[in-house]
Amino acid sequence: SVIAQACHACTAVIWVHRDDGDVQSYLSDMPHMHKVVKECKGEAQLRALAQKLEDGGIVHHLWIEQPENIPTALALKPYPRDVVAPLLKKYQLFK
């Protein structure tokens with residue numbers, strides 16, 4: 001279920017921002033797409049990350065699972081690594 005929710009968030013952010021240059025560039029080279037999946041330790045940390053990204057002007061989609069109304073995943077619009085890596089460095093890779 002966690003993977004499905006992450007996929008929902010990825011699909012949503014790509015669709016909503018499909019006209020963005022970084023998104024179009026990312027999608028134009030499908031054989032070389034690169035994703036990094038990081039882990040948040042619970043709802044509070046996920047919401048805090050969403051707020052940090054919002055404050056930093058980083059486009060993202062926070063997936064809210066229904067009918068529970070609980071945030072379960074967050075996906076960033078494709079960005080160059082150097083733009084987002086500093087904001088995500090404290091998060092571990094998802095295992």
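Search the whole structure for salt bridges and you get four. Keep in mind as you click around that this is a predicted model.

**Stop one: lysine 77**

Select lysine 77 and aspartate 20 together. Their side chains form a salt bridge, with N and O 3.0 Å apart. Lysine 77 is in the loop between strand S2 (70-76) and H4, while aspartate 20 is in the loop between helix H1 (2-16) and helix H2 (21-27), so this pair ties together parts that are 57 residues apart in sequence. The pair also shows up as a side-chain to side-chain polar contact at 3.0 Å.

Is each partner buried or exposed? Lysine 77 is buried, because its relative accessible area is just 4% and the cut-off for buried is under 20%. Aspartate 20, at 27% relative accessibility, counts as partly exposed.

Now show what surrounds lysine 77. Leaving out residues up to four places away in sequence, lysine 77 touches Val13, His17, Asp20, Asp22, Val23, Val59 and His60. Then add tyrosine 79 to the view: the charged end of lysine 77 sits over the tyrosine 79 ring, 4.0 Å from the centre of that ring.

**Stop two: helix H3 and its salt bridge**

Move to glutamate 43 and arginine 47. Here the salt bridge has its closest N and O atoms 2.9 Å apart. Why look for this pair along one helix? Glutamate 43 and arginine 47 are four residues apart in helix H3, so about one helical turn separates them. Both ends count as partly exposed: glutamate 43 has 38% relative accessibility, and arginine 47 has 39%.

From here, select Asp20, Asp22 and Lys77 as a set, since salt bridges that share partners join these three into one network.

**Stop three: glutamate 39 and lysine 41**

Next, pick glutamate 39 and lysine 41, another salt bridge, whose closest N and O atoms are 3.6 Å apart. Colour by accessibility if you like: glutamate 39 is partly exposed at 23%, whereas lysine 41 is exposed at 64%.

**Stop four: the nonpolar core**

Hide the charged residues and select Leu46, Leu49, Ala50, Leu53, Ile58, Leu74, Val84, Leu88 and Tyr91. These nine residues make up the largest nonpolar core. Which elements give two or more residues to this core? They are helix H3 (43-55) and helix H4 (81-88). H3 supplies the largest share, four residues.

Within that selection, centre the view on leucine 74. Setting aside neighbours within four places in sequence, leucine 74 is in contact with Ala9, Leu46, Ala50, Leu53, His60, His61 and Leu62. Among these contacts, Leu46, Ala50 and Leu53 are also listed in the core. His60 is worth keeping on screen, since His60 touches lysine 77 as well, which takes you back to the residue from the opening stop.

**Last stop: the rings**

Finish with arginine 18 and tryptophan 15. Arginine 18 lies over the face of tryptophan 15, at 3.8 Å from the ring centre. Set this beside the lysine 77 and tyrosine 79 arrangement, where the distance to the ring centre is 4.0 Å. How many aromatic pairs does a search of the whole structure find? The count is zero, so there is no ring-on-ring pair within the 6.5 Å limit between centres to select.

Key:
Residues numbered from 1 in each chain as written. Predicted model: local features only at pLDDT ≥ 70, side-chain atom pairs only at ≥ 80, totals over all residues. Heavy atoms only, no water. Phe/Tyr/Trp six-rings, centres within 6.5 Å; stacked < 30°, edge-to-face > 60°. Lys NZ or Arg CZ within 6 Å of the ring centre and 35° of its normal. Core = buried A, V, L, I, M, F, W, Y, C linked by side-chain atoms within 4.5 Å. Buried < 20%, exposed > 50% of the residue type's maximum accessible area, 1.4 Å probe, protein only. Contact = heavy atoms within 4.5 Å. Polar contact = N/O pair within 3.5 Å; in protein donor to acceptor, adjacent residues only side chain to side chain.
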